[in-house]
Each structure stands twice: as structure tokens, then as C-alpha cells.
Amino acid sequence: MTAAAEGARTLDATARPRVAIIGTGQMGSRHVEAWQRLGAEVVVHSRSAERGRAFASEHGVRSVTEPSEVLAAADVIDICTPTDTHATLAHWAAGAGRHVVCEKPLAREPAEGRTMIDACIDAGVGLCVAQVLRYFPAYVAARDAVAAGRIGRPKEFTFFREAESPGAQTWFADVVRSGGLLVDLAIHDLDYARWVAGEVSEVVGRTTPRADAGSPQRSAATLTHVDGVTTRVEAVWDVPGTPVRSTFELAGDEGVLRFDSAPRQVVTDGTGAVVYADDGSVDPFAEQFAEFVTAFAGGVEPRVTAEDGLTALAIALAAEESARTGRPVDPASLRR
């Protein structure tokens, strides 16, 4: 994080954070709950005053309607709005000297993400992207096990993620706004794969469109990592009512780790022995926000940075481009 520029808000990591959440959707709800666990003073802003008041009442926070009120009430702006609005809001917050938390993906296009990063650097404020999978205890335990040599030399990783299809009238279903399945949903696993297996040199993508409005849509990305690991990520928008589920298999030359989020989050090895079982005591969203606040106050950099968010976006978009063209894509080419 950069030193505070003139006009930028400084934070005391031991003080109660003052946070304004922009957006009152599902992720806004998840974020406010996590901030409250940290004891933050939270306000919420929605473009709909009525929706903002209802959200505030539900969560026991204060709703503010004017942008000036948002800035007066907060040192951190937490953006939980549609992806195509992230850049505009981040520039506004940085220009007012406020630190920025941005829900994933960082932006709709890498060029937008780069301007967000540069604007925050120029303003002397922090920018953190909520790639929260790096904070889920089962995923952290698996990464630590790989780093400790539990599977020997990593060879092949496989990830699967499934969620309910977005409603046809929501912004998620508008690929121009959300980026679609790989950018909005699979980006969790793409970022995690890079965190564990290292930089990605090539991506091959494939998308299976819906046969009709009520059928699943599937997208897959195959990543070639610089160190030789191959990762396959598959994501599915399934029929309404489908619960969120994620799995992975991390295979090396001396062992394997497997995970399934249903019915409970457990990591096992090749013998079936439990390596980690989640007891629900850790809120990954609160964990990430605690790291973000520490970084904003000049402390240790969080385990996921804005640059990591930008790289994850480039990998997802490389998979989308490959699916369109039928050719492998180097994600670095999309960051230039």
C-alpha cells in the first residue's frame, strides 16, 4: 500500500473501521455481516433510497442517500455493485481520498482495472479486491498442505463450481455487464489455482451454451502454469434452486487432496483420511476485511492484492477469448 497522499484518509488498525457499503444485493448483505463481526461502523448507500432504507433496517445499519453523506461517514468505500460500475465508483472514492474494497471481479475489462489501481496509487489510498476464496479455511488448509509437500510435486488440479442460474432480468445474465460465467463465477477458482500453482502462461476455454432457457450452461478453462502444473476449472449455472457447490482435486506425483463443499466442507487425502474439516468458526469475509484494514493502516499487504484481482480477470477473459476463437490465449496479452 502507498503512503497517504494529501487529502487521503489514514486508518488506525486498532480503531473501529468506518465503512460505507455501496450496493444492497446479495454480496452487500454478506459484506455488512462480516464488517459487523469486526465491529465496524457501517452505513449503506443504494441508488434506490427505498431499497437502501429496507436493507439498512434489515441489517441494523444506517442508510445514507447523498454521495456527500457517504464520504462523510466512511474512511473505506466497499463496492458491491454490478461489475461494470466498479471502475467509476473506485475512481470517485479514490478521488475523495477513501480506501477502496471492491467485490470481485475487479472490473469488467483489464484496462479499467488498471486505471483503478493507478488512481488509488496516485491518491495514496489502498485498493483491495474481494477474491475471498483465498480466505476459506478448507482452501487455505489445502494450499498449506501442498506447500508442505503433502502431494509431492503438483501435477494436475481440477476445480468445479456450480450455482443457480441468474434470473434473465438480472445484470448477472447480461454478459456485457457481468462478463458471464467464467468472469463472474469461475474467477474464484482461477485465482485460487494461480495462488497455489503459480503463474499461468496459457489458457484454453470452452463454453457449452444452454439448449433452452431452463437448461444449465457450462464453461471450462484449462490453464497451463509456468511450473508445469495443468489446471482444469469447470463452472456451471444450473437450474433455479441449485445450491452453491464447489469441489477440487489437487494431484501430485506422491498424493492427492480432495474437497467437496457438500454436505460439509472436508478436505481428504488419497486414502480418505481427513486433512481438514471446517467447523464453521471462521468467517472468510471477516478474515479478508481484517487483512484489508491492516493494509490500509500501513501494515502487512493482504494475501490477495488488486494486482492479483487484475490477473484473475485476465485469466478469465483469456478463457472467454479462447472459447470464441478456438485458440490458446496467453492471459498476459490481455493486461498490456
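In this predicted model, Ile21 has Asp78 of strand S4 as its bridge partner. The pair belongs to a longer match: strand S1 (residues 18-22) and strand S4 (residues 76-79) run parallel and are joined by 4 bridges. Both strands sit in an open sheet of 6 strands. The strand order is S3-S2-S1-S4-S5-S6, and the pairing is parallel. Strand S3 (62-63) and strand S6 (127-130) form the edges, each pairing on one side only.

The chain is assigned two domains. Domain 1 covers 18-129, while domain 2 combines 133-282 with 303-333. Their C-alpha centres are 26 Å apart. The contact draws on 16 residues from domain 1 and 18 residues from domain 2.

Interface size is often expressed as the accessible area lost when the parts come together. Here, domain 1 and domain 2 bury about 1,500 Å² between them. Carbon and sulfur atoms account for 62% of that area. On the domain 1 side, Lys104, Arg108 and Val129 lose the most area to domain 2. Together they make up 36% of what that side buries.

Charged and polar links also cross the interface. Between the two domains there are 3 salt bridges and 5 residue pairs in polar contact. In domain 1, helix H5 (110-123) and strand S6 each supply at least two residues of the side that touches domain 2. H5 gives the most, with 4 residues. The residues of this side divide into 8 nonpolar, 3 polar and 5 charged.

One salt bridge in the model links Glu307 and Arg114. The closest N and O atoms of this pair are 2.9 Å apart.

Conventions. Residues numbered from 1 in each chain as written. Predicted model: local features only at pLDDT ≥ 70, side-chain atom pairs only at ≥ 80, totals over all residues. Heavy atoms only, no water. Pairing = 2+ DSSP bridges. Domains from an automatic or database assignment. Contact = heavy atoms within 4.5 Å. Buried area = accessible area lost by both parts, 1.4 Å probe. Salt bridge = Lys/Arg side-chain N within 4 Å of Asp/Glu carboxyl O. Polar contact = N/O pair within 3.5 Å; in protein donor to acceptor, adjacent residues only side chain to side chain. Nonpolar A, V, L, I, M, F, W, Y, C, P; charged D, E, K, R; others polar.
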